[in-house]
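Ready for a few exercises? Open the model in your viewer, try each task yourself, and then follow the worked solution.

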Amino acid sequence: MRPHRLRSVFVTAAVVAAAAVSGTTSATAHAPAAPAPASATAVRASGLGALTELFAERLLLADKVAAAKYGTESPIDDPVRERQILDDVAARAAGLGLDPDSVTAVFRDQIEANKLVQRGLYARWDAHPGERPTERPDLAKEVRPALDLITTRLLAALRETVPVRADASCGPRLYAEAALSAYGHRLDVLHLKALGRALPSVCAAD
């Protein structure tokens, strides 16, 4: 198993165990994810914690993406849209003095994490029709503008964390912050796994 996958498994197991003890995460992971209190998010609005908070927020939006697409012809995998996003963040990264390749890798991980949530929700809704969404969010007017805002904030956070992301201590600190974000946002097992998938490319030293 690759090191980053091992760390992801460890963090997932640790947070699931902690959440289970406190009663915030069900064993079957059918409870919807709830947002963290605003005060908790504000306290961790800098450093690696800012990144993991934004990753978690983006993953919670994946629920709306899934609800918007489920039962339609819109596919989970959309290579054209994904390429547009990656090309855009690469260009913006260069303008911010960031390495476009490393930033693209981070955002590629966010896309894959988002799709992991979508696939998991599709499977859940197929198996449990009563849990299917009753409303379809507007992907163009509601969901994508929210994702675009997170993209802007993520780019700023990546710029602010260049030194810490290059440090050898980045990995352990990142996964510790991810655990706090997961706990604060009360992520269920599906979103925990996706959060682990969102992390591998953040630390330049890994």
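## Exercise 1: Two helices that cross

Helix 4 crosses helix 5 in a right-handed manner. Please keep in mind that the model you are looking at is predicted.

**Task.** Describe how helix 4 and helix 5 pack, and find which residues make the contact.

**Solution.**

Step 1. Two packed helices are described by the angle between their axes and by the distance between those axes.

Step 2. Helix 4 covers residues 79–95 and helix 5 covers residues 100–127; their axes make an angle of about 145° and lie 9 Å apart.

Step 3. On the side of helix 4, the contact is made by E82, I85, L86, V89, A90, A93 and A94. Helix 5 contributes P100, V103, T104, F107, R108, I111 and K115.

Step 4. Sorted by class, this contact between helix 4 and helix 5 has 10 nonpolar residues, one polar residue and three charged residues.

## Exercise 2: The nonpolar core

**Task.** How many residues are in the largest nonpolar core, and which have the most contacts inside it?

**Solution.**

Step 1. The largest nonpolar core has 52 residues.

Step 2. Inside this core, the residues with the most contacts are L51, F55, V103 and F107.

Step 3. Now look at where the core comes from: the elements that give two or more residues to it are helix 3 (47–69), helix 4, helix 5, helix 6 (139–160), helix 8 (170–184) and helix 9 (189–197). Helix 3 gives the most, with 13 residues.

Step 4. Zoom in on V103: leaving aside residues up to four places away in sequence, V103 touches V89, A93, L98, L155 and L158.

## Exercise 3: A long-range pair

**Task.** Start from A157: is this residue buried or exposed, and which residues does A157 touch?

**Solution.**

Step 1. A157 lies in helix 6.

Step 2. Its relative accessible area is 5%, so A157 is buried.

Step 3. Not counting residues up to four places away in sequence, A157 touches A50, L51 and L54.

Step 4. From C-alpha to C-alpha, A157 and L51 are 6.2 Å apart in space, although 106 residues apart in sequence.

Step 5. For the whole protein chain, residues 24 or more positions apart account for 86% of the contacts with a separation of 6 or more.

## Exercise 4: The disulfide

**Task.** Which residues does the disulfide join, and what is its handedness?

**Solution.**

Step 1. The structure holds one disulfide. This bond joins C170 to C203, with an S to S distance of 1.9 Å.

Step 2. The torsion about the S-S bond of C170 and C203 is about -75°, so the disulfide is left-handed.

Step 3. C170 lies in helix 8 and C203 in the segment after helix 9, so the pair ties together parts that are 33 residues apart in sequence.

Step 4. Check the burial of both ends: C170 is buried at 0% relative accessibility, and C203 is buried with a relative accessible area of 5%.

## Exercise 5: A positive phi

**Task.** Where is R186 found, and what is its phi?

**Solution.**

Step 1. R186 is found in the loop between helix 8 and helix 9.

Step 2. Phi of R186 is near 55°, a positive value in a residue other than glycine.

Step 3. For comparison, most residues other than glycine have a negative phi.

Step 4. With a relative accessible area of 36%, R186 is partly exposed.

Definitions and conventions. Residues are numbered from 1 along each chain as its sequence is written. This is a predicted model: local features need pLDDT of at least 70, side-chain atom pairs count only at pLDDT 80 or more; totals for chains, interfaces and linings use all residues. Side-chain values use heavy atoms; hydrogens and water are left out. Axes are lines fitted to C-alpha atoms, for helices over the stretch in contact, and angles run from 0 to 180 degrees between N-to-C directions. Helices (H or I, at least four residues) and strands (E, at least two) are DSSP runs, numbered from the N terminus. A crossing is left-handed if the near helix is turned anticlockwise from the far one by less than a right angle, and right-handed if clockwise. Contact means heavy atoms within 4.5 Å. Ala, Val, Leu, Ile, Met, Phe, Trp, Tyr, Cys and Pro count as nonpolar, Asp, Glu, Lys and Arg as charged, and the others, Gly among them, as polar. A nonpolar core is a set of buried Ala, Val, Leu, Ile, Met, Phe, Trp, Tyr and Cys residues joined through side-chain atoms within 4.5 Å. Buried means under 20% relative accessible area, exposed over 50%, partly exposed in between (1.4 Å probe, protein chains only). A disulfide is a pair of cysteine sulfur atoms within 2.5 Å.
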